[in-house]
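This report introduces one protein structure to a reader who is new to the subject. Please look over the sequence and the structure shown below before reading on.

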Amino acid sequence: MSDAVLIASDPRNSAWVSANAGSGKTYVLTARVIRLLLDGTPPSRLLCLTYTRAAAAEMRARVFKVLGEWALADSAKLKAEITQYDGVAPDDDRMARARRLFATALETPGGLKIQTIHAFCERLVARFPVEADVPVPFTVLTEAEAAAMKAIARHQALASLGRDGSDAMMAALAPHVDADGFAGLFEGRTADLIARYGNGDPWAIAGLPHGTRSEDIEAEAGFDDPERIALYQAGAAALGQGSKTDKDIAEVIAEALRTSDEARFERLAFCLLTQKGQLRAKGIGTNAVKAAHVGLMADLDREAERSVALLRRRAAAESAWMAYAVTQLGREVARAHSEAKRARGVLDFDDLIKAAAYLLRDAEAAQWALFKLDGGLDHILIDEAQDTSPAQWDVVKNLAEEFFAGAGTRPAAKAVRTLFVVGDEKQSIFSFQGADMMAFGQSRLYFAKRAAGAELGFETPTLNTSRRSVPAVLAVADAVFRADPALQEAVSQGDWADHIAHRAEAPGAVDLWPLTEAEDAESGDDWTRPVDAPGADDPVARLAHELAGAIKGWIGRESVSDKEMGAPRPL
């Protein structure tokens, strides 16, 4: 066992472990649980929170496998294995305790608490529904049931449009989202974001008067002013006598002036700019035209700058309306959804987290609830912490608050209470469910400060030796993060560590494929296809077929180095 793993699994100190992919997160978590039990921690006072039921089952199986083998192992084997976990040889008492751990864990009421955070919160809230402010009794919705109720709430919110003069909100969103996009607006973290930031005035943030619309910016632009029209006409005439580049600009201006009133803003706002809507690097006109029409070209340059400002203000107004629309509709969706759940006496997974956080809203309430539930907690372990949402971190903070308040009134021999967290921000993939990789680093700083204030041990080891991959693949991953300082800072708070390949000599290669984009395809009329089946132009489906074809072409034809055979072997 490496020094980093020994430090991470030491039950005497809290630890915050940043572990790269394939570096043994599950192993170190298992080692921590076993060493806590070896040190005499009652199984009932230990809580291990994982992200999925599969991960919880695997963790439980690993712990019981080790404990079961220890119960039957001969003395030499048992001593060697405990030495591997502890780093020092055990005495007779520690070996005797190790043999009893399997029976102790089995006989503990409720068994080892290795579970998902949602399962823990459900159990806690079910025990104290009144204190958690939830319906009594309540049932927990499945994901399918929760999705169906959200869909109904969205339909209700849409049905209310028009009755309350909110047509403008839908008009702001309609050009940018289809039906699926509208549904997606109110999934994931939208409700939390609205609750956190939705009270601000989006127009004030954009520096605009409240309620400003994009058409207001267009109406105030003054492109129908006779003096401005005369300026553009004079500019077109002057540029028309210059080089080919000047004449091209002159034609664009002339075409914009001939445009109907409805589209005049769009054409005139862009006619002095590049195709990307930016200022021309050298201004309007070539040197010869500028020399002949100094004042006129300077006026056109100022008009170009004004156009850029107008376009930005119009975009800001459009964004403000969209933000306002999403906020108002989001609140209506949330209200309808909440009322429906309350009427049926049901909770979804997010509700469980919020109810638990409310129940544990202060340290005294948390300790009382935990004492009534299981007699209290002494050690909390968090697996795959990079996928923990801010709301879930609130639960963890409340659970562990007393851990960093000193020994309290308990005997000194029982005063050690620890928090163990392991995760890898680079593997955060559940942002659609509220996971926030920034919260991982922020929470680490929070608990490190709390531990320092209480003069308690708080280790931050890094596990960066990957047993899962090869140097070529890991080098690409590191290169991606090193190329973007902001990304590197986001995932490590500046404490970056490259991957180290355990199989340092293993061969490997990385092929970079071009992005696959959608292509136009014949619509067809195959009514037997499922309505949600990807079409022939779906880029994901096409990429999958291309990858499968490439792999099929390698098998049996390409070769790879084989250390055991001493010669290349076919894939």
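Leaving aside its neighbours within four places in sequence, which residues is Leu 419 in contact with? The model examined here is a predicted one. In this model, Leu 419 touches Ser 14, Ala 15, Trp 16 and Arg 32, as well as Ile 380, Ile 382, Val 396, Phe 403, Phe 404 and Phe 447.

**The nonpolar cores**

Leu 419 is also one of the residues with the most contacts inside the largest nonpolar core, together with Leu 124, Trp 393 and Phe 447. This core comprises 42 residues. Among the elements that give two or more residues to it are strand E2 (46-50), helix H6 (117-127), helix H20 (390-400) and helix H21 (437-453). Helix H18 (349-359) belongs to that list as well, and H18 gives the most to this core, namely six residues. Apart from this core lies another, of 36 residues, which includes Met 59, Val 63, Ile 82 and Leu 112.

**Strand E7 and its partners**

Strand E7 (418-423) is another contributor to the largest core. Is E7 enclosed or open? Six of the six residues of E7 are buried, so the strand is largely enclosed by the rest of the structure. Thr 418, Phe 420 and Val 422 point one way from E7, whereas Leu 419, Val 421 and Gly 423 point the other way.

E7 pairs with strand E1 (residues 14-19) in the parallel sense over four bridges. Within this pairing, Trp 16 has Val 421 of E7 as its bridge partner. E6 and E7 likewise pair in the parallel sense, over four bridges, and there Ile 380 stands opposite Leu 419. Ile 380 and Trp 16 both appear among the contacts of Leu 419 described above.

**Helix H13**

Helix H13 (residues 226-239) has 14 residues. From its first C-alpha to its last it reaches 20 Å, close to the 20 Å expected at 1.5 Å a residue. At the N-terminal end, Asp 225 caps H13: one of its side-chain oxygens lies 3.2 Å from the backbone nitrogen of Glu 227. The buried residues of H13 are Ile 229, Leu 231, Tyr 232, Gly 235, Ala 236, Ala 238 and Leu 239. These residues pack against helices H14 (244-257), H15 (261-270), H16 (287-292) and H17 (294-344).

**Salt bridges**

Side chains of opposite charge can pair when their charged atoms come close. The count of salt bridges in the model comes to 23. Three of them are set out below.

| Residue pair | Closest N to O distance |
|---|---|
| Asp 10 and Arg 12 | 3.0 Å |
| Glu 266 and Arg 314 | 2.7 Å |
| Asp 299 and Arg 302 | 2.3 Å |

The pairs can be described by the accessibility and the position of their members. Asp 10 counts as buried, at 10% relative accessibility, whereas Arg 12 is exposed, with a relative accessible area of 58%.

Which parts does the pair of Glu 266 and Arg 314 tie together? Glu 266 lies in helix H15 and Arg 314 in helix H17, so this salt bridge links parts that are 48 residues apart in sequence. Glu 266 is partly exposed, at 38% relative accessible area, while Arg 314 is buried, at 15%.

Asp 299 and Arg 302 are three residues apart in helix H17, and therefore about one helical turn separates them. Asp 299 counts as partly exposed, at 30% relative accessibility. Elsewhere, salt bridges that share partners join Arg 35, Asp 39, Asp 86 and Arg 94 into one network.

How values were computed:
Residues numbered from 1 in each chain as written. Predicted model: local features only at pLDDT ≥ 70, side-chain atom pairs only at ≥ 80, totals over all residues. Heavy atoms only, no water. Core = buried A, V, L, I, M, F, W, Y, C linked by side-chain atoms within 4.5 Å. Buried < 20%, exposed > 50% of the residue type's maximum accessible area, 1.4 Å probe, protein only. Contact = heavy atoms within 4.5 Å. Expected span 1.5 Å × (residues − 1). Polar contact = N/O pair within 3.5 Å; in protein donor to acceptor, adjacent residues only side chain to side chain. Salt bridge = Lys/Arg side-chain N within 4 Å of Asp/Glu carboxyl O. Pairing = 2+ DSSP bridges.
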